[in-house]
Amino acid sequence: MFSLDPDNPSLKDNLKKGNMNVTCRDENIIIQKGGWTSIVAKVNEIPITYNGKAPFNIQNAMAAVAATSALGLNEKQIRAGLVSFSPSIGLSPGRMNVIDLDYFKAVIDYGHNPGAIKATGELLPHLSVGRKLRMAAGTGNRRDEDIIEFGVILSRYYDHVVVTETDPRGRPIGVVANLVKQGLLKGGLSEKQISMISDVRVATDTILNMARKGDLVVLQADDVHFIIEYVMEYKNIKKRQLSKEVVNDDHSKEGGQNAG
């Protein structure tokens, strides 16, 4: 069993039965069994925990520790895996991939249910001090009230939401998006804080261009590879534009000096 709470009664009962536990004590992930305890790794050494600011990924790391230990790996082997696995595009595409876009950051994440929105939402203030912008889409095979609740929860964490349509699952285009909007309004966002754009490409471009210095843009990646490619191309375009601006500025200065 595993739990963030080392004093969880279920863990204590499990130990009495002679079974193994994985928990967190003094900011270390530990394995317990019988009368011994072994430290696997410090939480802030594990990249997916974002320096310990992402409890949901501490839990995921503990689950991995429990599974690999049960399969026979030792603490040294498990630690090597934990500290070398990062939430990068290469190792974990679509799972909290943070991309630096010069003056703001973009996060690519597949999370599309209330639990995921809550978990990642608590992490966002630790990633950026600016506004939090989101491109989101509801899932068509959920109940109306579930889709509305998805919108309500989004409203708690974001300053502006671009609602798009990526997964209607048999519903007419626009129905799911409007249910999400109902939830956003119910949660307290105003009409001005909501944009309705059914085309995901246009929605992605729109919210990226909304960003100002210090903002954080979270892109819900139903088609993970498309979103990754789009953001990386956007980054390259902005880099080329910036390079041209620098060159033009240098030429302008030279011209002024020559004229003098």
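Which residue stands opposite Val22 in β2? In this predicted model, the residue is Phe2. Good morning, colleagues; I shall use that pair as the entry to the first of two sheets.

Phe2 lies in strand β1, which covers residues 2–3. Strand β1 runs parallel to strand β2, residues 20–25, and 2 bridges join them. Both strands belong to an open sheet of 4 strands with the order β1-β2-β3-β4, and its pairing is mixed. At the edges of this sheet are β1 and β4, the latter spanning 36–42, and each of these pairs on one side only.

Two helices accompany this sheet. Helix α1, residues 9–16, lies across β1, β2 and β3, where β3 covers 28–33, and runs at about 140° to β2. Helix α2, residues 55–70, also packs on the sheet, where it touches β1, β2, β3 and β4. The direction of α2 makes about 145° with that of β2.

Let me now turn to the loop between β4 and α2. Tyr50 is located there, and Tyr50 has a positive phi of about 50° although it is not a glycine. Is Tyr50 buried or exposed? Its relative accessibility is 16%, and Tyr50 therefore counts as buried. Gly52 is found in the same loop, between β4 and α2. Gly52, in turn, counts as partly exposed because its relative accessibility is 28%. If we leave aside neighbours within four places in sequence, Gly52 is in contact with Val43 and Ile58. Another separation can be given for this glycine: 9.9 Å lies between the C-alpha atoms of Gly52 and Leu123, which are 71 residues apart along the chain.

A second residue with a positive phi leads us to the other sheet. Met96 has a positive phi of about 55°, although it is not a glycine. Met96 sits in the loop between α3, residues 75–84, and β5. At 3% relative accessibility, Met96 counts as buried, since the cut-off is under 20%.

Strand β5 comprises residues 97–100, and its side chains alternate. Which of them are buried? Asn97 and Ile99 point to one face and are buried, whereas Val98 and Asp100 point to the other and are not. Strand β5 pairs with strand β6, residues 105–109, in the antiparallel sense over 4 bridges. Within this pairing, Asn97 stands opposite Ile108 in β6. The two strands form a hairpin with 4 residues between them, and Asp102 in the turn has a positive phi of about 75°.

The hairpin is part of an open sheet of 6 strands, in the order β5-β6-β10-β7-β8-β9, with mixed pairing. Its edge strands are β5 and β9, the latter at 194–196, and each pairs on one side only. From one strand to the next, the twist averages 15°. Further into the order, strand β7, residues 132–136, runs parallel to strand β10, residues 216–220, and 4 bridges join them. There, Met135 stands opposite Leu219 in β10. Helix α7, residues 200–210, lies across β6, β7, β8, β9 and β10, and runs at about 180° to β7.

I conclude with helix packing. Two packed helices are described by the angle between their axes and the distance between the axes.

The axes of α4, residues 114–123, and α5, residues 144–155, come within 9 Å and cross at roughly 5°. Because the limit for roughly parallel is an angle under 35 degrees, α4 is roughly parallel to α5. The contact involves Pro114, Ile117 and Lys118 of α4 with Phe150, Ile153 and Leu154 of α5. By class, it has 5 nonpolar, no polar and 1 charged residues.

Helix α5 also meets α6, residues 175–187; their axes come within 6 Å and cross at roughly 45°. The two helices are therefore oblique to each other, and their crossing is right-handed. On the α5 side, the contact residues include Asp144, Ile147, Phe150 and Leu154, and on the α6 side they include Val176, Leu179, Leu184 and Lys186. By class, the contact of α5 with α6 has 9 nonpolar, 5 polar and 2 charged residues. Phe150 and Leu154 of α5 appear in the contact with α4, and both are listed in the contact with α6 as well.

Thank you for your attention.

Notes. Residues are numbered from 1 along each chain as its sequence is written. This is a predicted model: local features need pLDDT of at least 70, side-chain atom pairs count only at pLDDT 80 or more; totals for chains, interfaces and linings use all residues. Side-chain values use heavy atoms; hydrogens and water are left out. Axes are lines fitted to C-alpha atoms, for helices over the stretch in contact, and angles run from 0 to 180 degrees between N-to-C directions. Angles under 35 degrees count as roughly parallel, over 145 as roughly antiparallel, 65 to 115 as roughly perpendicular and the rest as oblique. Contact means heavy atoms within 4.5 Å. Ala, Val, Leu, Ile, Met, Phe, Trp, Tyr, Cys and Pro count as nonpolar, Asp, Glu, Lys and Arg as charged, and the others, Gly among them, as polar. Two strands pair if DSSP finds at least two bridges between them. A crossing is left-handed if the near helix is turned anticlockwise from the far one by less than a right angle, and right-handed if clockwise. Buried means under 20% relative accessible area, exposed over 50%, partly exposed in between (1.4 Å probe, protein chains only).
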